[in-house]
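User: Please take a close look at a single part of the following model and describe, in connected prose, how that part is packed and what surrounds it.

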Amino acid sequence: MTARHLGNRWLVLFASCIGVAWVTAASEAAEGVGAPQQASPAINRALMTFRIGASQWMSELRYREILAMLQKRKGVTDELSLFTSTTCTPLPLEEIDRRCRVLGDRMRQARALGYRAGINVIATLGHLEEDLPHALSGYTHITDIDGNVCRGAFCPNDPRFREYIRGLYRRLAATSPDHIWIDDDDRVSSHSPVLCGCYCDHCLARFEQESGVRHTRASLRALLTDGPAEQRLAARKAWLTHNRATMERLFAVIE
């Protein structure tokens, strides 16, 4: 993290040195959505990206101060990546629409100064319970093996939630970013630290299709933790395969 003093305020930016393999034009990833209005500089090497918090780019004044600071140090920065949110829970699509109207303009401003510009999606599934009154609701939450839910995170095996994800990324792609980065909330760990994964009814039904055996959360816990080591190992391998398939389906929806 790098902190720069501007007047009587602090500007906090997250800096990441990103390999070129991750930088993909959104117009290529979402054909037909729309082409960038300005050509971005080609990158064929490692590059320096600054990730800009939503509270910084949503303010016209603060964003202009950021660009002015970067212009004083030309050659340091190749690219900006604008966070979609300041919190770690998914947002309703109505709020995403509002932010997209500003995002497109902010990225055009950066390109006019010679920088590439894209989007960092801070929450697709969600990290944790945060600012719930303004967060997304109405979909299946990530559920642990005991039936406890994380109200700030959602299961990608919920068919209705996959439609939300499609709507989210289509809206972001329509702003013509040079890249869209997904964040590390797209995972099966930490919500259920002992037995990683989601154990909601959608996931149990998926696992039944994959394994041919119907389970409750209690019977699945017993299968994963009790009995001979060989039996537990086979069950855990099957659950790992299930988790991998869940992530593959999620990334296919995003793509």
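Analyst: In this predicted model, the part to look at is the pair formed by helices H5 and H8, which are oblique to each other. Their axes come within 9 Å and cross at roughly 40°, and because only angles under 35 degrees count as roughly parallel, while the range for roughly perpendicular runs from 65 to 115, this pair falls into the oblique class. On the H5 side the contact is made by Arg 162, Ile 165, Arg 166 and Tyr 169, and on the H8 side by Leu 250, Val 253 and Ile 254. Sorted by character, the residues of this contact comprise 5 nonpolar and 2 charged ones, with no polar residue in the set.

Each of the two helices also has a further partner, and it is useful to follow H5 before returning to H8. Helix H5, which spans residues 159–173, has an axis that comes within 10 Å of the axis of helix H4, residues 93–112, and the two cross at roughly 15°. H4 and H5 are therefore roughly parallel to each other, and their crossing is right-handed. Here H5 contributes Tyr 164, Gly 167, Leu 168, Arg 171 and Leu 172, which meet Leu 93, Ile 96, Asp 97, Cys 100 and Leu 103 in H4. The residues of this H4 and H5 contact divide into 7 nonpolar, 1 polar and 2 charged.

The loop that leads from H5 to strand S8 (180–182) is the place of Ser 176. The backbone there deserves attention, since Ser 176 has a positive phi of about 60° although this residue is not a glycine. With a relative accessible area of 8%, Ser 176 is buried, because buried means under 20% relative accessible area. A second non-glycine residue with a positive phi is Asp 131, where the value is near 50°, and its place is in the loop between strand S5 (116–121) and strand S6 (141–143). In contrast to a buried residue, Asp 131 counts as partly exposed, at 37% relative accessibility.

Turning back to H8, this helix covers residues 229–254, and it packs against helix H6, residues 201–211, at an angle of about 115°, with the axes 11 Å apart. The crossing of H6 and H8 is right-handed. H8 takes part in that contact through Ala 238, Trp 239, His 242, Ala 245 and Arg 249, and H6 through Cys 203, Arg 206, Phe 207 and Glu 210. Of the residues in the contact of H6 with H8, 5 are nonpolar, 1 is polar and 3 are charged.

One residue of H8 can be followed individually, namely Arg 236, which lies in that helix and counts as partly exposed at 37% relative accessibility. If residues up to four places away in sequence are not counted, Arg 236 touches Leu 195, Leu 224 and Thr 225. Of these, Thr 225 is 11 residues apart from Arg 236 in sequence, and the C-alpha to C-alpha separation of the two is 8.9 Å.

As for the setting of this part, the protein has 8 helices and 8 strands, and buried residues make up 45% of its 255 residues. Among contacts between residues at least 6 apart in sequence, 76% join residues at least 24 apart. Some care is needed with confidence: the pLDDT averages 84 over the protein, and 81% of the residues score at least 70. Over residues 1–36, however, the pLDDT is below 50, although this stretch has 78 contacts in the model beyond near neighbours in sequence.

Note on methods
Residues numbered from 1 in each chain as written. Predicted model: local features only at pLDDT ≥ 70, side-chain atom pairs only at ≥ 80, totals over all residues. Heavy atoms only, no water. Axes fitted to C-alpha atoms, helices over the stretch in contact; angles between N-to-C directions. Helix = DSSP H or I, 4+ residues; strand = E, 2+ residues; numbered from the N terminus. Parallel < 35°, antiparallel > 145°, perpendicular 65-115°, else oblique. Left-handed = near helix turned anticlockwise from the far one by under 90°. Contact = heavy atoms within 4.5 Å. Nonpolar A, V, L, I, M, F, W, Y, C, P; charged D, E, K, R; others polar. pLDDT = per-residue confidence, 0-100. Buried < 20%, exposed > 50% of the residue type's maximum accessible area, 1.4 Å probe, protein only.
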